[in-house]
Amino acid sequence: MSVSLLAAALAIGIATTIVVMVLLPQAEGTTALEQRLDSFGASDLSPLLDPTQVDLQRPLRDRIVDPVIQGMGRYIARHTKAGQLAALRHKLSQAGSRQRAETLLATRVFLMPVGVAVGFGLVELLSLTPPLAILAPLLLGVLGFMYPTSALTGKIKKRTREIRSALPGTLDLLTISMEAGLSLDMAIMRVSDSDESLLAGEFQQVLNEVRLGRPRSEALVAMSDRNAVEELSAFVRAVVQAEPLGISITNVLRIQSEELRRLRKQRAENAGHRAPVLMLLPMMGCIFPCIFICLLGPAVLTIIGPK
């Protein structure tokens, strides 16, 4: 029994290490090229003369785990429908993730046997018996397969909430900037420089695309496609349609900001209307039983007590 426990503990340790190496994100805002340049700048020039030493200085994830995951992802992508790959890439774009669709597919397949191994380790450690001994590996395998996609969906929802909450204030700032005499491009630059939110980053990306020669309307539409926010899509459509028709963009922005404030007020009212209904569940499950015990407990004890 001690040998099986040791093997189970070793399997759980190896599986946990692999999962951490796969799921551990790289530094925020830095690419692999920037990390390599930083590592070269922080060290002396002697490793540059020996490529082997330079390669050994890279993290284990960059040298072993990432190539295996990428190779597996390319193989899986060749056997995946083009529509599914396109939908997955769109979800990654909506989540603001730099991860490739092939890597996500490989991670899903890779985490499934890891979950099964962890399940068998728990079975040995806890001495589970059927049906739990069968359900635990299956359940953990399914959870490992579904975790990357569910985590991506959670990132999309979180990003959507942040952009939706920042959009009314951003439109107000755009309106004030344009009423002060700034052009739309300068107003967008003012917004991107004054804030560090996700929406400000999106506007900064729009400016970068415009500087590279892309039409502003196409850059705004691309920003709308990257983010699954209805209010942002409505704002982009209004601005894109106003320019060819010669409508004042300042008036369009003022109307859009008023509409967003009205929608935000309606969402707050709907949340307030749902609150009493949601409060019934904890009241019925926690408060009412305590009240019944306090009110009926003495009477029940009197009835069932010794005569």
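Colleague: Which residue forms a salt bridge with Arg89 in this model?
Modeller: Keep in mind that this is a predicted model. A salt bridge needs a side-chain nitrogen of Lys or Arg within 4 Å of a carboxyl oxygen of Asp or Glu. For Arg89, the closest N and O atoms of the pair are 3.0 Å apart, and the partner is Glu102.

Colleague: How many residues apart in sequence are the parts that Arg89 and Glu102 tie together?
Modeller: Arg89 belongs to helix H5, while Glu102 belongs to helix H6. The pair therefore ties together parts whose separation in sequence is 13 residues.

Colleague: Is Glu102 buried or exposed?
Modeller: Its partner Arg89 is partly exposed, at 41% relative accessibility. To count as buried, a residue has to be under 20%. Glu102 comes in at 11%, so Glu102 is buried.

Colleague: What about Ala101: which residues does Ala101 contact, leaving aside its neighbours within four places in sequence?
Modeller: Ala101 lies in helix H6. With a relative accessibility of 3%, Ala101 counts as buried. Once those sequence neighbours are set aside, its contacts are Leu85, Leu88, Arg89 and Leu92.

Colleague: And what distance separates the C-alpha atoms of Ala101 and Ala77?
Modeller: Along the chain, these two are 24 residues apart. In space, their C-alpha atoms are separated by 8.2 Å.

Colleague: Which backbone oxygen lies 2.6 Å from a polar atom of the Thr80 side chain?
Modeller: Thr80 is in the loop between helix H4 and H5. Not counting neighbours within four places in sequence, Thr80 is in contact with Leu85 and Leu105. As for that 2.6 Å distance, the backbone oxygen belongs to Ile76.

Colleague: How many residues apart in sequence are the parts tied together by Arg254 and Glu179?
Modeller: The side chains of Arg254 and Glu179 meet in a salt bridge, 2.6 Å from N to O. Arg254 is in helix H12 and Glu179 in helix H7, so the pair ties together parts whose separation in sequence is 75 residues.

Colleague: Asp185 and Arg216 pair up too, so where is each of them?
Modeller: Their salt bridge has its closest N and O atoms 3.0 Å apart. The pair links distant parts of the chain, 31 residues apart, with Asp185 in helix H8 and Arg216 in helix H10.

Colleague: Which residues are joined into one network by salt bridges that share partners?
Modeller: Asp185 and Arg216, the pair we just met, are partly exposed, at 28% and 22% relative accessibility. The network formed through shared partners joins Arg159, Glu202, Glu209, Arg214, Glu218 and Arg226.

Colleague: Let's zoom in on Glu202: which side chain makes a polar contact with the Glu202 side chain?
Modeller: Glu202 sits in helix H9 and is buried, at 5% relative accessibility. Setting aside residues up to four places away in sequence, Glu202 touches Arg159, Met223, Arg226 and Asn227. The polar contact, at 2.7 Å, is with the side chain of Arg226.

Colleague: Which helices are included in what covers the buried residues of H10?
Modeller: Helix H10 has Ala219, Leu220, Ala222, Met223, Ser224 and Arg226 as its buried residues. Their cover includes helix H5, H9 and H11.

Colleague: Which helix gives the most to the largest nonpolar core?
Modeller: That core has 25 residues, and Leu174, Phe203, Leu232, Phe235 and Leu253 have the most contacts inside it. Helices H7, H8, H9, H10, H11 and H12 each supply at least two of its residues. With 6 residues, the one giving the most to this core is H7.

Colleague: How many residues are in the other core, the one that includes Ala95 and Leu152?
Modeller: This core lies apart from the largest one. Ala101 and Leu105 are also among its members, and its size is 11 residues.

Colleague: On the outside, what is the area of the nonpolar surface patch that includes Leu280?
Modeller: Leu280 is in helix H12, and is partly exposed with a relative accessible area of 43%. Other members of the patch include Met284, Phe288 and Leu295. The area of the patch is about 1200 Å².

Colleague: Last one: which peptide bond is cis?
Modeller: Look at the loop between helix H6 and H7, where Pro131 is placed. The cis bond has omega near 5°, and runs from Pro130 to Pro131.

Terms used:
Residues are numbered from 1 along each chain as its sequence is written. This is a predicted model: local features need pLDDT of at least 70, side-chain atom pairs count only at pLDDT 80 or more; totals for chains, interfaces and linings use all residues. Side-chain values use heavy atoms; hydrogens and water are left out. Patches are made of residues with over 30% relative accessible area and no salt bridge: like charges are joined within 9 Å, nonpolar side chains (Val, Leu, Ile, Met, Phe, Trp, Tyr) within 5 Å. Accessible areas come from the Shrake-Rupley method with a 1.4 Å probe; for residues, only the protein chains shown count as cover. Helices (H or I, at least four residues) and strands (E, at least two) are DSSP runs, numbered from the N terminus. Buried means under 20% relative accessible area, exposed over 50%, partly exposed in between (1.4 Å probe, protein chains only). A polar contact is a pair of N or O atoms within 3.5 Å; within protein, one must be able to donate a hydrogen and the other to accept it, and residues adjacent in sequence count only if both atoms are side-chain atoms. Contact means heavy atoms within 4.5 Å. A nonpolar core is a set of buried Ala, Val, Leu, Ile, Met, Phe, Trp, Tyr and Cys residues joined through side-chain atoms within 4.5 Å.
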